[in-house]
Amino acid sequence: MNTFQDLGLNEDLLKAIADLGFETPSEVQDKAIPILLEEDTDLVALAQTGTGKTAAFGFPMLQKIDVDSRTTQGLILSPTRELCLQIANEMKQYGKYCQGLNVVAIYGGSSITDQAREVKRGAQIIVATPGRMKDMISRRLVDISKIQFSVLDEADEMLNMGFKEDITDILSHTPDEKNTWLFSATMPREVASIAKKFMREPQEITVGHKNQSTNNVSHEYYLVNARDRYQALKRLADANPDIFSVIFCRTKRDTQKVAEQLIEDGYSAGALHGDLSQNQRDIVMKQFRTKQIQMLVATDVAARGIDVDNITHVINYQLSDEVETYTHRSGRTGRAGKTGVSMVIVSKSEVRRLKSIERIINQKFELKDIPNGMEICEVQLMSLANKIHNTEINHEIDKYLEDINAMFEDTSKDELIKKFFSVEFTRFFNYYQKAKDLNVKVGDRDSGREHKAGGNAARFFINVGEKDGFDWMKLKDFLKEQLDLGRDDVFKVESKDTFSFFNTEKEHQEKVLAHFTDFKHNGRFVNVEITEDKPNRGGRGRGKRREDRKGGDRGRNDRNYGGPKSGRRRSDSSESRSRRSDSGSGSSRPRRSRR
Ligand code: AMP
């Protein structure tokens, strides 16, 4: 295996590398650095975040630029402000012994004048987000006409975010003879076309397989009924007491809802999505980085550029519509040589989507069981025992010892331990002792409500279809919004040409029918009726008339989002706030008791 010396890096960089404690080059560094140092070439590198790619392009750039000149020679474009700042910081650390080096970060949401002033002082390297860069160019606040190296970092993300035009525009202000180094986790068509358009005979390196997520990440899935999704999430969190995770939802609304629910249930969680102000997002990210938040619930867009090491778990609370998104999600864990777990909570109807993901990541998902109540109690008990074992004694207690000892004079050590642990354990035990099995067994055709109307599901006919612009996803979103239901509450949506079918739980049946009574959409009456037959061969005539409808399971509500209900939880949270300081975990803030 090569050392950093073998790669041909100069003394200034080697000194910085030693300070950073990097021992050996990562795979992408091993492959990219010699090429970029020795050749004037364009490069396409397929590598995830967390593989050390910043240094893979950063070291060669730092070695090749002239620090005695004030001209801007290197331009690094990255998709988000977070990432931009992160890269600029890394570059400054890598180049800390390069006398005269000035790296400037340019990104939106911060004073453009201050950034322009910094550039004017002579920035050899600019790290920028495309939007702000374009702005600066059009106001003539930067001059990139003499750059020798341009890096397109996370190119797939930049294109996903709609920066194609900005990138094209920016690159048109750079000299043709520069070298372009493109880094991307995946290689969709758009990235390949950018490479073709802007690069000359690029060399290509791949870390692992194309489109593969890092090997440090294991991929698991949990099969549950859609309505048990939230309960399943809580169990996964409870079964991993030291979890430090990002939880992905599909929409801003679900993200907010899940985060709020977790907070209410006593978890240290926070939401990150586009409806929050930049300031709110900064606060959440700061709390996450400092581990005051253990579970960050995020949308894909908002989570772009989250570059936090040591994330133990990525939880796909809902899969994204884009198969490739999974790679980005799971790449948030297993960084910098650490291992991580990417979990997917799926209902039966979604299982087949895992197959497409497996093809992309070139790895298999392992089906795991949601832990049962007693397993969780055991994990929690042992975790508590461990924390107590590792807790440093606070000698402030000494002065009370005599009184406490007197109180326990007749209590044996065994009994004392049992009492002590019961304080925490009983809460978990009471909550979980009657907890049901959430796992849907493979081959258990009737256990999910996804299969057909029946059991607790009501199936509806609706007289709009693809001709009205409703594919199944649009219809599902439309229904969800109209009925103010959650994503999982409308399911088995099948869109035909002029009509469609969908399911809800029977408890929503009345609400659905009432909502669509005399309902007009785009000036047209939308009619919804109950149907009991499988829709595939039938057609409109088979719907059961609305007059036939029965009340169903009205009033039933087995969502049980909050666990044991509030009175108990509320009264016990302040008590546990003071009693549970989490000193073992290094968290600076007393954490609320869970559930
Ligand atoms: P990146 O993929 O550039 O975002 O890097 C992910 C993390 O790995 C960063 O925190 C780097 O500081 C760290 N890192 C980069 N190269 C190495 C290396 N050769 N050995 C150990 N850590 C590294």
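How many bridges join strand 15 to strand 17, and in which sense do the two strands run? Keep that in mind; the tour comes back to it after the ligand.

**Before you start**

This is a predicted model, where local features need pLDDT of at least 70, side-chain atom pairs count only at pLDDT 80 or more, and totals for chains, interfaces and linings use all residues. Residues are numbered from 1 along each chain as its sequence is written, and side-chain values use heavy atoms, with hydrogens and water left out.

**Stop 1: the ligand**

Select the ligand and the 15 residues that surround it (those with a heavy atom within 4 Å). The closest are T24, Q29, G50, G52 and T54. By class, this shell holds three nonpolar, eight polar and four charged residues (Ala, Val, Leu, Ile, Met, Phe, Trp, Tyr, Cys and Pro count as nonpolar, Asp, Glu, Lys and Arg as charged, and the others, Gly among them, as polar).

Now look at the polar contacts, pairs of N or O atoms within 3.5 Å:

- T24: a polar backbone atom is 2.9 Å from a nitrogen atom of the ligand.
- T54: an N or O atom of the side chain is 2.6 Å from a ligand oxygen atom.
- D309: a side-chain N or O atom is 3.1 Å from an oxygen atom of the ligand.

On its own the ligand has 500 Å² of accessible area, and the protein covers 83% of that (Shrake-Rupley method, 1.4 Å probe).

Colour domain 1 (5-206) and domain 2 (217-372) next: both give residues to the shell, so the ligand lies between them. These bounds come from an automatic or database domain assignment.

**Stop 2: the parallel sheet**

Show the seven strands that form an open, parallel sheet in the order 3-4-2-5-6-1-7. Strands are DSSP runs (E, at least two residues), numbered from the N terminus, and two of them pair if DSSP finds at least two bridges between them. At the edges, strand 3 (103-106) and strand 7 (203-206) each pair on one side only. From one strand to the next, the twist averages 15°. Zoom in on strand 2 (residues 74-77) and strand 5 (residues 149-152), which pair over four bridges; G74 has F149 as its bridge partner.

**Stop 3: the antiparallel sheet**

Finally, select the four-strand open sheet, ordered 16-17-15-20 with antiparallel pairing. Strand 16 (491-495) and strand 20 (528-530) each have a single partner strand, so one side of each is left without a neighbour in the sheet. Here is the answer to the opening puzzle: six bridges join strand 15 (residues 457-462) to strand 17 (residues 500-505), and the two run antiparallel. Click on I462 to find S500 opposite.

Definitions and conventions. Polar contact = N/O pair within 3.5 Å; in protein donor to acceptor, adjacent residues only side chain to side chain. Axes fitted to C-alpha atoms, helices over the stretch in contact; angles between N-to-C directions.
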